[in-house]
Amino acid sequence: MSLVKVNLYAEAQCPDCINYSQTQLSTLMSLVPSIISLQVFPFGNAKETLNEDGTYSFTCQHGENECTSNMYEACAIHLNPDQLDWYPFFDCVESSPYLLNRTGTYNTTAVTNCASDAFLNWTEIESCAVSPAGNSLMHSIAEATPSHTYVPWVTVNDLTVPDGGDGYPAGDLLTMVCAEYTGNPLPDACPTPTDSKVVGYLAAAVAILGFGTNFVPIKKYDAKDGFYFQLFMCVGIFIVGVVINAIRGFLTFQPLAMLGGFLWCCGNVMTVTCIKLIGLSLGLLIWGSTNMLAGWFSGKYGLFDLTKEDIADPDLNFVGVGVALCALFLYVFIEPTPSEEIDENEDANLTILTIKSSLLGENLLEVEKEQDWIEKMTPTKRRVVGVSMAAIMGVFFGTSFDPAQYSMEHNDDFDDVVDLDCPNDNCADPLDIVFSHLAGIMLSSLGFFILYVVWCGGSDKIQRVPEIRLPAVCSGLIWGVAQCSWFVANGKLGFTTAFPLITTGPGLIAAFMGVFLFSEIQGKKNYVVLTLAFLFTGFANFLIVKSH
């Protein structure tokens, strides 16, 4: 079992230290002593001076009596290494009103009673306090005390608890310790961060809605091969990144997170073609599912040196993944309504077909004038190619978070303080890395577009769609907000909860539009298969989340 290391740097007669010990530390030791490794360093703001004989003299902030109590606490901890043995003595010294006098004679009777009540050997403690060994012990504590701006100074797993703004550690120590604990099961006394979870679920809902609708602004336009559309969509995404970066205070750029943007771009560059092949609804359902599975593998097995996630019920988790695979298999049998199945009235045909084709990225008049390579494919081949492409896209999308996650877990820029809401080993604010991730998307998209221009033989040969610029930027803005929300959901809910929710949710939104708004999915067979796919997907998500 991995214990959470809690270090308290304090001094015996400091009012704030006493208050912290009697509230935060006392609560911790009474409720969850089995999951922590507590160390107290009773030195605080004291000073030491090296004497000619090699010993040290100590000057304490609140007087000589404080130095005496500090020494007694240090010796008790040294002589009785088990925190359950020495803590009652430390707690008594901190709380005893008879040991708070900063001048006059030290109340030896009171400290002797503290040792007796804690069943510690007072003679050993007293002998240590006046011995050269005790002097050397206090010197070692002085050297172990880090640079600090106030006391009490607290660290959790070597991460400094942030200042609450008044020279006092912020937040609830119990909550922080429980957030850092990686063992199973979590003690019953550990609080559930309800507010944090509410924010996380709201962020997940925003992400689901955004990813499920971000292509709607371009539904009336033919994006052709998609490169022109992607460039301007990524402009919208980058605008969101710039705004977030400004709000966050222009933090340190994280180059590795750009790799995630490149992976996403590799998947997104195939989006329009995939939509033309099998439709937006089916495409979203498939790449959303493989997206979820790719993310699951990264978290479950700690791919790419990510933190391997502890799963409370591995068997239930595997069953959930198996159900998700069944759902993925069902999605393959959903067949979008062919564009040829239209009413005999020509005027009506134009309207209905335009609506049906809008989310497929096709324009009726363009299709009538020239059959492109997709139109020349048989329906079966079109579906095979489209489904395969969607699955590959999902892998790119599912691994696009890994570089950012790696940076948050391993980069020293994020390890200086404890984030009160952060799960286990990820103590960065997820929004701090969003700009680097989105900048990677922008630069990768620009690179793909330059290669595209070269491949076409010049800028005059590319398939320009001037009228799609503004809709594409709007699509990018929606997507960018959704992606930022996903980062927030990851931070508040954890990778294994947010990922299955957000990867499959957009497919449900898109399918709803495909059935009820754009008639993209029709027929009794499709409805039956789609219903089963929805049920399997929802059940898979439930099992995966429940297993954690």
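## Burial and overall make-up

Of the 548 residues in the protein chain, 53% count as buried. The model is predicted. The chain holds 21 helices and six strands. Many contacts span long stretches of sequence: among those between residues at least 6 apart, 79% join residues at least 24 apart.

## Nonpolar cores

In soluble globular proteins, nonpolar side chains tend to be buried together. Here the largest nonpolar core has 67 residues. The members that touch the most others are F229, I237, W264, W287, L438, W479 and I502. Apart from this core lies another, of 33 residues. Among its members are F43, Y56, Y72 and V93.

W287 deserves a closer look. Which residues does W287 contact, leaving aside its neighbours within four places in sequence? The partners are F215, T271, C274, I275, A390, M393, G394 and F397.

## Cavities

Rolling a probe the size of a water molecule over the atoms shows where empty space is left. The count comes to five cavities of 30 Å³ or more. The largest cavity has a volume of about 240 Å³. It is lined by 20 residues, and the closest to its centre are F211, W287, N291, F397 and W479. Four elements give two or more residues to this lining: α10 (257-268), α12 (280-301), α19 (469-493) and α20 (495-516).

How do the lining residues of the largest cavity divide into nonpolar, polar and charged? Eleven are nonpolar, nine are polar and none is charged. Two residues near the cavity centre recur from the core: W287 and W479 are among the closest lining residues, and both are among the core members that touch the most others.

## Helix α5

Helix α5 covers residues 122-129, and its buried residues are W122, I125, C128 and A129. Why do they lie on the same side of α5? They cover an arc of only 130° around the axis, so they share one side of the helix. An α-helix has 3.6 residues a turn, so residues three or four places apart point the same way. The cover over the buried residues of α5 includes α2 (64-79), α4 (108-117) and α6 (132-144).

## V385 in helix α16

V385 is found in helix α16, residues 379-399. Is V385 buried, partly exposed or exposed? Its relative accessible area is 29%, so V385 is partly exposed. Not counting residues up to four places away in sequence, V385 touches L277 and M377. V385 and C274 are 111 residues apart in sequence, yet their C-alpha atoms are 8.3 Å apart in space. C274 is also one of the contacts of W287.

Key:
Residues numbered from 1 in each chain as written. Predicted model: local features only at pLDDT ≥ 70, side-chain atom pairs only at ≥ 80, totals over all residues. Heavy atoms only, no water. 1 Å grid on protein atoms, 1.4 Å probe; cavity = no way out; pocket = protein on both sides within 12 Å on 5 of 7 lines; lining within 4 Å. Points joined across faces, edges and corners; volume = space filled by probe spheres on them. Nonpolar A, V, L, I, M, F, W, Y, C, P; charged D, E, K, R; others polar. Core = buried A, V, L, I, M, F, W, Y, C linked by side-chain atoms within 4.5 Å. Buried < 20%, exposed > 50% of the residue type's maximum accessible area, 1.4 Å probe, protein only. Contact = heavy atoms within 4.5 Å. Arc of directions from axis to C-beta.
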